[in-house]
Amino acid sequence: MNMNVIEASGLGKRYGSTWALRECTLAIPAGHVAALVGPNGAGKTTLLNLAVGLAEPTAGAVTVLGGKPAGCPAALDGIAFVAQDTPLYQNLPAAAMLHLTRNLNRRFDQSYAQARLGELGIPLNRKAGRLSGGQQAQLALTLALARRPRLLVLDEPVAMLDPLARHDFMATVLAAAADDGVSVLLSSHVLAELERVADYLILLSRGRVQVAGEVDGLLASHRMLTGPAAEADRYADRPVVHVRRGAAQAHLLVRASADDPVPPGWEAHPVGLEELTLAYLREPGAAALPGPARGRNTQPSEVIR
Amino acid sequence: MTTLTTPTRPGHDARLRPVPWQRMAWVTWRQHRAALAGVAVFLGAVAVYLWLTGLRMHHAEAAYCHPASSIACAINFTGKYGETVIIVSIALQAVPALIGAFIGAPVLARELETGTFRYAWTQGIGRLRWTVGKLVLLAVTVTAAAGALTVLFAWYNQPWAAAGYVTPFSPRVFDLLGVAFAAWALAAFAIGALAGMVIRRAVPAIAATLAAYAGLAFATGLWLREHYITPLATSSPNPPGSASVISGWYTKGGTFAFGDHSTAIVNTVRQLCRAAGGRVRHGPHVLQQVFNVPQCLARHGYTRWASYQPGSRFWPFQWIEGGWLLALSVLLLAATVWLVRRRAA
């Protein structure tokens, strides 16, 4: 499906005198599990709120599901959002939450929702407020998926969960993405988790998009060079993203493909997503962004340093 | 994206059929049934009390108060129930305030406080339908409940009104009768809903609702209501029994001399009637006891005037009060919906 689930151009949001998000231009193609990462205060939640129509942009525009204005009826219908800390009505039993969500939406797959809560061992008559954190998150996710959305947006879904609950939660998300073709956009602090689930990465920093692209493409176009620390500066003219110096050796994360020549005395290694993300997080000035044909060419085509 | 590319999902085209309004009935009921039940139990208890006391009052009035001047009536009716009826009518003034505080204020404040608006406002129904559906349903419910209580109170108050113990304009009963009580309940609900949306936290919103409601109700009773229609003026010493006297003043030779409670009246009476009366002490009330002020002034060519609202204006006044409260409520609820639409998360 050649469509962007989210497309933003010059998108900005200001709260009072502070810009939570600025000049954000990005396109996330459909069919991905996209991870939105960035330090605290980078604007992740703001971007998600704008995309689901909870907030209005101060500048620019954001469209969803192939050009629909965020927050319009068709957009609300096709997007399910699970907010941070998975807000539920604490005094309502799980069954009432299902019934509530069914009444508030055009589609609701009641049998799917009941079956899933059964599998998870979440009693239907237990009040949401009396469920564990992991169960509350699973209930919120079940409500979202039973709406049969085309895009699932999750804001820090696993931040409060223990490792087991986190694993189960992400397994459900991945199953929905794989089986039903749901596009997923999730923000997360938990970098280790992303390696397993995400195939598209958006890195926000200080309210701007720093890195955006398919994970495979990003990993294929970056290498970790290891060599003598004394020679580290010789490569300043190369597209070096981040330098980590040890006593004897320096580690350079550079933009280079596997067949690029390696200087004598240096070794090249492939990088992992976590390593790549950390390098960019440490260098807010560096960027890897797709070219002008937004959404189609998702290969990073340019490096700014 | 067009319908052609996704024929199996016709719901995603531009002519999306919205989620029906009726669905909000269940949602509203399920989310607010505890608060509504609380109010229903409270109003039910009030109604049962009014009914039981009212029955005994009606019986006492029928048995002892024909004629009303009898001592038996004074003992068994006015003496026995006079205080109760005053306390009850004052206590009932609080009912709209409680409706505003405990039904109106939490509707949006609790969603904003607990973060559940992020759930509610991202569902397919959309936040506009969600808000309008909830507010309209709850507003109609509380207005109808208050209207039902009014009918009961009118019956409860009837022996007193009939015997002229309380004019229907009395600030104590005017807003419990006719359409005013229901209108005040609606206005209190609207004040609460808007306060909740603006303040975004339930407890401060409840406090603000109580304060705003009390301020509005007092201001209306003390200053606003008597001006709905220009009062009539009379120089007759006895205005009609059902009338509500607003103020009095004196004229001499056709021009205004002084008002009932002015200091000029004290000085004038002192000068004119010193010889006739005894010792003069300060203050108009003391003066009243020492001299017969109207008699003194009448002897010296002053005419006393009174402005009043005749009893026949009760229903026009009810419609005026109900009308502006309805307009205010619609305005406040519209403002609330507007704030919900534009609120940035």
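## Briefing: a sheet, a helix pair and two domains

A hairpin of three residues links E12(A) to E13(A); helices (H or I, at least four residues) and strands (E, at least two) are DSSP runs, numbered from the N terminus. This is a predicted model, where local features need pLDDT of at least 70 and side-chain atom pairs count only at pLDDT 80 or more, while totals for chains, interfaces and linings use all residues. Residues are numbered from 1 along each chain as its sequence is written, with chains lettered from A and ligands numbered from 1 in the order in which they are written.

**The sheet in chain A**

- The hairpin strands belong to an open sheet of four strands, ordered E12-E13-E11-E14 in chain A, with antiparallel pairing (two strands pair if DSSP finds at least two bridges between them).
- At the edges sit E12 (240-245) and E14 (267-270) of chain A, each pairing on one side only.
- Neighbouring strands are turned by 25° against each other on average, direction ignored (axes are lines fitted to C-alpha atoms, for helices over the stretch in contact, and angles run from 0 to 180 degrees between N-to-C directions).
- E12(A) and E13(A) run antiparallel and are joined by five bridges; Arg245(A) has Ala250(A) in E13(A) as its bridge partner.
- Strand E11 (residues 222-228) of chain A pairs with E14(A) in the antiparallel sense over four bridges, and Arg223(A) has Pro270(A) in E14(A) as its bridge partner.
- Helix H9 (residues 273-282) of chain A lies across E11, E12 and E13 (249-255) of chain A, running at about 95° to E12(A).

**The helix pair in chain B**

- Helices H6 (residues 180-199) and H7 (residues 202-224) of chain B have axes that come within 9 Å and cross at roughly 140°.
- H6(B) and H7(B) are therefore oblique to each other (angles under 35 degrees count as roughly parallel, over 145 as roughly antiparallel, 65 to 115 as roughly perpendicular and the rest as oblique).
- Among the residues in contact (C-beta atoms, placed from the backbone, within 7 Å) are Trp184(B) and Ile191(B) in H6(B), and Pro204(B) and Tyr213(B) in H7(B).
- By class, this contact of H6(B) with H7(B) has 11 nonpolar, three polar and no charged residues (Ala, Val, Leu, Ile, Met, Phe, Trp, Tyr, Cys and Pro count as nonpolar, Asp, Glu, Lys and Arg as charged, and the others, Gly among them, as polar).

**The domains of chain B**

- Chain B is assigned domain 1 (21-230 + 314-342) and domain 2 (232-311); such bounds come from an automatic or database domain assignment.
- The C-alpha centres of domain 1 and domain 2 of chain B are 39 Å apart.
- Six residues from domain 1 of chain B and six residues from domain 2 of chain B make up the contact.

Notes: Contact = placed C-beta atoms within 7 Å.
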